[in-house]
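Reader: Could you walk me through how the labels for this one were assigned? I'd like the reasoning behind each.

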Amino acid sequence: MRFIIATHNGHKLKELKRILEPLGIDAVTDRDLGITLSEAEETGSTFAENAEIKATSGCRESGLPCIADDSGLVVDALGGEPGVYSARYAGEHGDDEANIVKLLTKLADIPEEKRTARFVCSICVVFPDGRKLTVEGKSEGRIGYEKRGEGGFGYDPVFMFGDRSFAELSAEEKDEVSHRGHALRALARELPKYIND
């Protein structure tokens, strides 16, 4: 069975292929098929809504079951910010440095015990017959006071998991505890119910 994955992020692609291959799924991108999926406008107010918007659009344009995800950081002391705006928190999409500076500036006077936060990842699969599957994964932690570690991307250097930041974990350690890891394992559990019907 062939699924299209609505992402150009190589890291996400590798993780999804690793989960899908044992299920007998051939995971491809629009580039593999020689087509170009349009960039669906992420107008949802939740990660799940945005994932569904992208998966619905990809399924409609490709005619294949489509998998899409949306993820980000939720900080309790900031009322849930940056939330669905995580990638463009400081204005420009994907400016990790500016996003971290804005986050740490807003949290400057917040004491350690109130710096609780979580990464959230929603994955949605939309099938051509209209069926939908949505799973979610979360990773609880807190926001540190400065960047630590060389690995990861996005907010990883300031997201503390125990006494280390996500950027200080190995790829294997991060897979084990990350929001995307949790969501992908949930997808691996639930998807066979949809493809074996």
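Author: Let's start with what counts as an element: helices are DSSP runs of H or I with at least four residues, and they are numbered from the N terminus. On that footing, Ser-178 is found in the loop between helix H5 (171-177) and H6. Bear in mind that this is a predicted model.

Reader: What makes Ser-178 count as buried or exposed?

Author: Buried means under 20% relative accessible area. Ser-178 has 2% relative accessibility, so Ser-178 counts as buried. Leaving out residues up to four places away in sequence, Ser-178 touches Ser-139 and Phe-166.

Reader: And Ser-57, what is the reasoning there?

Author: Ser-57 lies in helix H3. Its relative accessible area is 8%, and the limit for buried is under 20%, so Ser-57 is buried. Its contacts, not counting residues up to four places away in sequence, are Ser-38 and Ala-40.

Reader: Why is Gly-152 called partly exposed?

Author: Exposed takes over 50% and buried takes under 20%, with partly exposed in between. Gly-152 comes in at 48% relative accessibility, so partly exposed is the label. You'll find Gly-152 in the loop between strand E5 (132-143) and strand E6 (159-161). Gly-152 touches Ala-167 and Lys-174, again not counting residues up to four places away in sequence.

Reader: How are the strands ordered in the sheet, and what kind of pairing is there?

Author: It's an open sheet of seven strands in the order E2-E1-E3-E4-E5-E6-E7, and the pairing is mixed. Strand E2 (26-28) and strand E7 (164-165) each have a single partner strand, so they stand at the edges, with one side of each left without a neighbour in the sheet.

Reader: How do you know that E1 and E2 pair?

Author: Two strands pair if DSSP finds at least two bridges between them. Three bridges join strand E1 (residues 2-5) to E2, so the pair qualifies, and these strands run parallel. Within that pair, Phe-3 stands opposite Ala-27 in E2.

Reader: Which strands does helix H3 lie across?

Author: Helix H3 (residues 47-62) lies across E1, strand E3 (66-75), strand E4 (116-126) and E5. The helix runs at about 160° to E3.

Reader: On to the empty space. What makes something a cavity here, and how many are there?

Author: A cavity is a set of points where a 1.4 Å probe fits but cannot get out. The count comes to one cavity of 30 Å³ or more. The largest cavity has a volume of about 40 Å³.

Reader: Which residues line the largest cavity?

Author: The lining is Lys-12, Leu-16, Asp-69, Ile-123, Arg-180 and Leu-184. Helix H1 (10-20) and helix H6 (179-195) each supply at least two of the lining residues. Leu and Ile count as nonpolar, while Lys, Asp and Arg count as charged, so the lining divides into three nonpolar, no polar and three charged.

Reader: What is the volume of the largest pocket, and which residues are closest to its centre?

Author: The volume of the largest pocket is about 960 Å³. There are 37 residues lining the largest pocket, and the closest to its centre are Asn-9, Lys-12, Lys-54, Ala-87 and His-93. H3, E3, helix H4 (96-106) and H6 are the elements that give two or more residues to that lining. By type, the lining of the largest pocket divides into 10 nonpolar, 14 polar and 13 charged.

Technical notes: Residues numbered from 1 in each chain as written. Predicted model: local features only at pLDDT ≥ 70, side-chain atom pairs only at ≥ 80, totals over all residues. Heavy atoms only, no water. 1 Å grid on protein atoms, 1.4 Å probe; cavity = no way out; pocket = protein on both sides within 12 Å on 5 of 7 lines; lining within 4 Å. Points joined across faces, edges and corners; volume = space filled by probe spheres on them. Buried < 20%, exposed > 50% of the residue type's maximum accessible area, 1.4 Å probe, protein only. Contact = heavy atoms within 4.5 Å. Axes fitted to C-alpha atoms, helices over the stretch in contact; angles between N-to-C directions.
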